[in-house]
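User: I want to know how labels such as "buried" or "salt bridge" are earned. Can you take me through them on one structure?

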Amino acid sequence: MSVTRWEDDASVWTGPSYVDQRIAYHPDVGSAPVAGRIITCVDVVDWDGDGGRDLLLSSWDTCYEGRVFLYPQIGTKSDGTPLLGRERIVEGVRGYVTAVRDGDRFHLLSVSRMRRQIYLFPNIGTAREPRFGDPVALDLEADWVKGNEYFHMARFHDIDGDGVPELVVGTDSWDDYWPNGLEWNDVGYRAYDAAGRWLGGPLRGFLYAFKNTGTLSAPELGRGRPVLGGETPLEVYGQCAPAFGDFSGGGRDAVVCGEFWNILHFARQTGPFAFEQPRLVGDAAGAPVLLDQCIHLPAPSTGTATGGLIFWLALRTAM
């Protein structure tokens, strides 16, 4: 892919760590919401094989290549949701991370706008003591809709029903967004005309599937194809973030996609690599659910492909 924006010249922060100076809750606060950094990705895993629901949180900190944190479950609240303990850093892994279940253990799949490859960190430890080896770099070729697309989020999911999970990647394209092809820091950038009308276009986010003929720890990926939503490639308003599962309990797989705006899209699967035309997730009255933040990355709450509930964290900062 030909990527020419400023991120290509950006550098991952290698200076001193200021983690001990971060804004945090007062010591008297015994329980409070998990605080992310900026634009956080979450996944639910059983980290140590004890049957619990532990939370993985990764973020876009330090130029889209943020660290990964584990919040272990230490109990259960009265409403059935997990009570999480103090954060721990997952050493050696960076980027937006999701978990790949493989038998009695899991691997970590990492996406970053700083690179044109997806990294798979194989679990070389045990089911109770995970440890991750050097990343396996996944080079992707696909029939891209726009061509100049960033990788935004990735999961392994059996999207064609053959029992073997495919690599599924949500992308993000800004090519149509910037007015006259200029970004906000380019000389001559002009966002609106004299009448106050936006001169650019939309963000574009698509979903791709890559057949895997290898294993989950050592994938061998074929050429990717766009996943359909109706008769055309499934598309959301940039930063496509998929979560799969039987969310309605009807025995039929579906996808929930986050995007740049504060809404979620829902579509039931109609066949291999195909879903119905997505519609907005609504409330009991049928009105679209408008979330408090933008850029959501949904995750099945059970950490499996058959989870019934969705939760998300996005654009949360430590306050």
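Analyst: Gladly. Note that this is a predicted model. Start with E166, whose relative accessible area is 0%.

User: What makes E166 buried?

Analyst: Buried means under 20% relative accessible area. E166 has 0%, so E166 is buried.

User: E166 forms a salt bridge with K211. What makes that contact a salt bridge?

Analyst: The cut-off is 4 Å, from a side-chain nitrogen of Lys or Arg to a carboxyl oxygen of Asp or Glu. For E166 and K211, the closest N and O atoms are 3.4 Å apart. That is within 4 Å, so the pair counts. E166 lies in strand β12 and K211 in the loop between β13 and β14, so the salt bridge ties together parts that are 45 residues apart in sequence.

User: Why is K211 called partly exposed?

Analyst: The label covers values between 20% and 50%. K211 has a relative accessible area of 30%, so K211 is partly exposed.

User: Which residues are joined into one network by salt bridges?

Analyst: K146, D176, R204 and E235 are joined, through salt bridges that share partners. The count of salt bridges comes to 14.

User: What makes E91 and R67 one of these pairs?

Analyst: The closest N and O atoms of E91 and R67 are 3.2 Å apart. The limit is 4 Å, so this is a salt bridge. E91 sits in strand β6 and R67 in strand β3, 24 residues apart.

User: Is E91 buried or exposed?

Analyst: Exposed means over 50%. E91 has a relative accessible area of 57%, so E91 is exposed. R67, at 30%, counts as partly exposed.

User: How do you know that R113 and D172 form a salt bridge?

Analyst: Their side chains meet at 2.7 Å, N to O. That is within 4 Å, so the label holds. R113 is in the loop between β8 and β9, while D172 is in strand β12, 59 residues away. Both R113 and D172 are buried.

User: On to cysteines. How do you know that C240 and C257 are not a disulfide?

Analyst: A disulfide needs two cysteine sulfur atoms within 2.5 Å. The sulfur of C240 is 3.9 Å from the closest cysteine sulfur, in C257, which is too far for a bond. A search of the whole structure finds zero disulfides. C240 counts as buried at 0% relative accessibility. C41 also has 0% and counts as buried.

User: What makes β1 an edge strand?

Analyst: Look at the order of its open sheet: β1-β2-β3-β6, with antiparallel pairing. β1 and β6 each have a single partner strand, so one side of each is left without a neighbour in the sheet. Neighbouring strands here are turned by 25 degrees against each other on average, direction ignored.

User: How do you know that β2 and β3 pair?

Analyst: Pairing takes at least two bridges. β2 and β3 have four bridges, so they pair, in the antiparallel sense. S58 stands opposite V68 in β3.

User: Which strands are the edges of the sheet β7-β8-β9-β10?

Analyst: β7 and β10 are the edge strands, since each pairs on one side only. Within this open sheet, three bridges join β8 to β9, which run antiparallel. S110 stands opposite Y119 in β9.

User: What makes β18 mostly covered?

Analyst: Five of its five residues are buried. A241, A243 and G245 lie on one side, and P242 and F244 on the other. Both faces are covered. Five bridges join β18 to β19, and the two run antiparallel. F244 stands opposite V255 in β19.

User: Which residues touch the most other members of the largest nonpolar core?

Analyst: L109, I118, L140, L167, V169 and F210 do, in a core of 31 residues. The largest share, four residues, comes from β11. F210 has contacts that include L140, W144, L167 and V169. Apart from this core lies another, of 14 residues, among them L234, V255, A267 and F273.

How values were computed. Residues numbered from 1 in each chain as written. Predicted model: local features only at pLDDT ≥ 70, side-chain atom pairs only at ≥ 80, totals over all residues. Heavy atoms only, no water. Axes fitted to C-alpha atoms, helices over the stretch in contact; angles between N-to-C directions. Buried < 20%, exposed > 50% of the residue type's maximum accessible area, 1.4 Å probe, protein only. Core = buried A, V, L, I, M, F, W, Y, C linked by side-chain atoms within 4.5 Å. Contact = heavy atoms within 4.5 Å. Lists of a residue's contacts leave out its neighbours within four places in sequence.
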